[in-house]
Every structure is written in C-alpha cells, then in structure tokens.
Amino acid sequence: MRITPLDPAVAGGHTPPVVPPSLAEIGSGAALPPDAIARAAEDLGVKKARLDLATLFGLAVLGGAFVALGGLVSTVVLAGAEGHLTYGVSRLLAGLTFSLGLVLVVVAGAQLFTSDCLMVMAWASGRLRLAEMLRVWTVVWAGNLVGALGTAALVFLSGQYEFGHGAVGDVALYIAGAKSNLPVAQAFFLGILCNVLVCLAVWLSLGARSVSDKILAVVFPVTAFVAAGFEHCVADMYFMPLGLMIERAASTDFWVDMARLGHVRTAISPGGFVVNLAAVTLGNWVGGALLVGGIYWFLYRRNASRA
C-alpha cells in the first residue's frame, strides 16, 4: 500500500493498516504459485457460471471452431508425411500445430467443455450449485459441437481437402476412420489421458502473467497429448464429421487423386462417430474433473473451503 501526504489517515495522525500487495502491485512478471492457481481456477469457474446463455453459447461455438482450426493445420502438416517422416516426428509436428486451437481459446477467449471440467473445484468448495455447473457443461458441449461442425462444413465446401493432389483429404479420411473404429474402452481411456494434459495446460496458463507465458504453457501439454495419440472430444467433433463429408460427397477429381495414391482407407461409421464421441467425452470428464480438478482441490482447497 502506498501512502501519500494527501492520505486522510496520515493527515489525521493515524497510521493506516498495512495491506499485503496485490498481484497487480507485485507486477505482471510474478507467476502464480500452485495454491494461487487453485483459487484462480475456482474464481474462473464461478465467473463462467454467471455468464448469460447467449454469451456462454457463443464462446463455446468459438471454442469448437478454434480447436477445429488446430485440427485443420495439423492435418495439412501430416499430408504427404507417410513414408517420409518417422511416426514419432510426424506426430510431434501434428501436436505442435494442433496446439494453435488451445492457444486461441486461452488467449483470444472461448469456452471448451474439456477445460471447463475444472469447474468441479468451485463446486467442491461450495461456491457453485450442481445445477449451475451442469448448465455450463451442457451448453458448452453443445456450442463446441456447433463450432466444430460448422468449421468442418466450411473446410469441406472450400475444397481444401483436395489440396496436395488429395493428400490433405487422404489424411482426413485416415484420421476419421481410425477414430470412428476405436474400441469403446480404448476411446474412454485415451480420453482420460488426453484431458489430464489439456487441463494441466489450462492450469499452467492460469499461473502465467503474459501472453507469451500463456502460449508457452499451453504448447507443451497439447503437443504431448496429440503426439501420444490421445482422444479429445471437441477435436473429434471436427475430424470425424469432416471425414464423413469427404467420404460421402467429395469431388470426382479427389477420388481420381486417391486412386493415384493407392491408399485404401477404413470406412467411417456414423454410428462409430456417436459411440466414440460419447466414450471420449466421458473419459475427458474423468481426466479433467477428477484427476486434475479433484486432486488439486484436495491438495490446495479442501481446507480453505472449510474456513
């Protein structure tokens, strides 16, 4: 607290109480420690629950679109890589480029179902009602679906999948086919692992104090989950519908290019899309809400909530 000669407390001959400096007073370079991140995560959860329906849904649509843009770029990066790059290197590059999606969410502002799983911390501390938390999750999941589907439709209508003599569309078909045919149990556990990393990325970004800090905090965990082949429900909302669109309505020129490439891709199952999305969504919830939000609440906020 800074005292000037004009301070009435000083003018009256009284010594004002000493107030600990705020984060703003400490300076923008001071990163938050883990216990402060936990409080910030709770505060953010409460703030999200207070958003009106139109704002919440609009931000969720943006979140789905942003993740889809990350998926778009990662698909382009993988185009033509088969036979030229090792599996690990190609996955690393895909992960680095896919991180664009969460960078946009964190820096530009948007809502993601996967990161909103951290709202359980505010609920566990009694700062949110269960109905408020479920409202956010439902609206955001639906908005993410709209944003991802809309982006997939725009990408398909643009003919971007034909780029690279069909190589981009070839990768899109491969990704969608692989996802739609995943065994349910595998999709569930891959979803858990994915959202542990996604929520840790968001957790780290809450402790960052600058845009560059936030970007750096996000890139490594997101790159890790993509490189490892984990499953993200919002990404799947883009990849599988795009693959279905290409499979069902691609141009003749694209199929000519596919014949030239000589690749036979796994058929994409609409039913598999629905089952995969359900299993991955549930796995994402377990990973984010229980294994990140729940554990950090227990470590840093369980005693605070009783105070």
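The following exchange concerns the cysteines and cavities of a predicted model.

Local features in this model need pLDDT of at least 70, side-chain atom pairs count only at pLDDT 80 or more, and totals for chains, interfaces and linings use all residues. Residues are numbered from 1 along each chain as its sequence is written, and side-chain values use heavy atoms, with hydrogens and water left out.

Me: Why is Cys117 said to be in no disulfide?
Reply: A disulfide is a pair of cysteine sulfur atoms within 2.5 Å. The count by this rule is 0 disulfides. For Cys117 the nearest cysteine sulfur belongs to Cys199, 5.7 Å away, so Cys117 does not meet the rule.

Me: What makes Cys233 free of a disulfide?
Reply: The nearest cysteine sulfur to that of Cys233 is the one of Cys117, 7.8 Å away. Cys233 is therefore in no disulfide.

Me: Why is Cys117 called buried?
Reply: Buried means under 20% relative accessible area, exposed over 50%, and partly exposed in between (1.4 Å probe, protein chains only). Cys117 has a relative accessible area of 0%, so Cys117 is buried. Cys233 also counts as buried, because its relative accessibility is 0%.

Me: How do you know which residues of the second largest cavity's lining count as nonpolar, polar or charged?
Reply: Ala, Val, Leu, Ile, Met, Phe, Trp, Tyr, Cys and Pro count as nonpolar, Asp, Glu, Lys and Arg as charged, and the others, Gly among them, as polar. The lining includes Val67, Phe98 and His232. By class, there are 7 nonpolar, 1 polar and no charged residues.

Definitions and conventions
On a 1 Å grid over the protein atoms alone, a cavity is a set of points where a 1.4 Å probe fits but cannot get out, and a pocket is an open set with protein on both sides within 12 Å along at least five of seven lines; lining residues have an atom within 4 Å of a point.
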